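The following report goes through the fold, the core and a few backbone details in turn. Please keep the sequence and the structure at hand while reading.

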Amino acid sequence: MTIPDVDLAVIKRLSGDYLDLPFWEGTARHELRLHGCALCGRKYWPASQCVEHGDAQMEWAPANGGGIVHTYTIMYHAYAPQMAARVPFCVAVVQLDEGPFFHTNILDCPIEDIHVGLRVEVRFQLDDSTGLTLPMFVPADAVKSKT
Ligand SMILES: [Zn+2]
């Protein structure tokens with residue numbers, strides 16, 4: 001697998017933060033990383049400091065890549081020309097198994113099958129317009145049926 005370079009300028013242009021650079025370096029390697037507190041184990045996304053222990057022992061570590069759909073909406077209208085080929089698509093908030101909530105898209109799933117509580121797994125997708133590798137999610141059953 002070719003690992004694309006992560007451009008910090010792109011992250012900043014997208015209103016990201018340099019503190020999240022390890023996250024994007026992880027997605028480029030198809031690894032979903034969360035910022036966690038080594039003292040209590042609480043996980044965070046985006047980069048943060050622990051609500052209990054501050055930033056003294058924060059470190060990036062791989063998540064297991066699983067979660068559940070916490071809430072979602074279906075986009076039927078293309079608000080920008082580049083969205084026209086994608087509609088309808090699902091914008092979701094997935095609660096990762098480690099706790100953080102993650103804004104994403106649900107792929108490879110009929111719209112009518114998406115529901116709150118749906119078990120999902122991460123799938124990485126290179127975004128040609130930014131060069132970033134984006135964590136998307138697919139139903140966990142779809143992952144198992146392909147392995
Ligand atoms: Zn802590």
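A residue is called buried here if 20 or more other C-beta atoms lie within 10 Å of its own, exposed if 12 or fewer do, and partly exposed in between. By that cut-off histidine 30, with 14 C-beta neighbours inside 10 Å, counts as partly exposed, whereas aspartate 108, with 12 other C-beta atoms within 10 Å, is exposed. Both residues come up again below, and both belong to a predicted model.

**Confidence and overall fold**

The pLDDT of the protein averages 91, and 96% of the residues score at least 70. Among the elements, strand β4 (residues 66-75) has the highest mean pLDDT, 98, and helix α3 (residues 140-145) the lowest, 74. Where pLDDT is low, the predicted coordinates should not be read in detail.

Three helices and eight strands make up the secondary structure, and along the sequence they follow the pattern α-α-β-β-β-β-β-β-β-β-α. The radius of gyration is 16 Å, close to the 15 Å that the globule rule gives for 147 residues, so the protein is as compact as a globular protein of that length. Its C-alpha atoms fill a box of roughly 45 × 35 × 30 Å along the principal axes. Of the 147 residues, 20% count as buried, and among contacts between residues at least 6 apart in sequence, 49% join residues at least 24 apart.

**The three-stranded sheet**

Three strands, in the order β2-β1-β3, form an open sheet with antiparallel pairing. Its edge strands are β2 (43-44) and β3 (58-62), each of which pairs on one side only. Strand β1 (residues 33-37) runs antiparallel to β3 and is joined to it by five bridges; glycine 36, for its part, has glutamate 59 in β3 as its bridge partner.

**The nonpolar core and helix α2**

The largest nonpolar core has 13 residues, of which Ala63, Val69, Ala92, Val94, Ile106, Val120 and Phe137 touch the most other members. Two or more residues come from each of β5 (89-96) and β7 (119-126), and β5 gives the most, with three. Apart from its neighbours within four places in sequence, alanine 92 is in contact with Val69, Tyr72, Thr104, Asn105 and Ile106. In soluble globular proteins, nonpolar side chains tend to be buried together.

Which residues of helix α2 (residues 21-28) are buried? They are Phe23, Trp24, Gly26 and Thr27. Seen down the axis of α2, these residues fall within an arc of 155 degrees, so they line one face of the helix. What covers them includes α1 (8-13), β1, β7 and β8 (133-139).

**Backbone details in the loops**

Most residues other than glycine have a negative phi, and most peptide bonds are trans. Against that background, histidine 30, which follows α2, has a positive phi of about 60 degrees although it is not a glycine, and its place is in the loop between α2 and β1. Aspartate 108 likewise is not a glycine and has a positive phi of about 55 degrees; its place is in the loop between β6 (101-106) and β7. The two cis peptide bonds listed below each lead into a proline.

| Cis peptide bond | Omega | Place of the proline |
|---|---|---|
| Tryptophan 45 to proline 46 | near -5 degrees | loop between β2 and β3 |
| Valine 87 to proline 88 | near -10 degrees | loop between β4 and β5 |

How values were computed:
Residues numbered from 1 in each chain as written. Predicted model: local features only at pLDDT ≥ 70, side-chain atom pairs only at ≥ 80, totals over all residues. Helix = DSSP H or I, 4+ residues; strand = E, 2+ residues; numbered from the N terminus. Rg over C-alpha atoms; globule rule 2.2 N^0.38 Å. Contact = placed C-beta atoms within 7 Å. Pairing = 2+ DSSP bridges. Core = buried A, V, L, I, M, F, W, Y, C linked by C-beta atoms within 7 Å. Arc of directions from axis to C-beta. pLDDT = per-residue confidence, 0-100.
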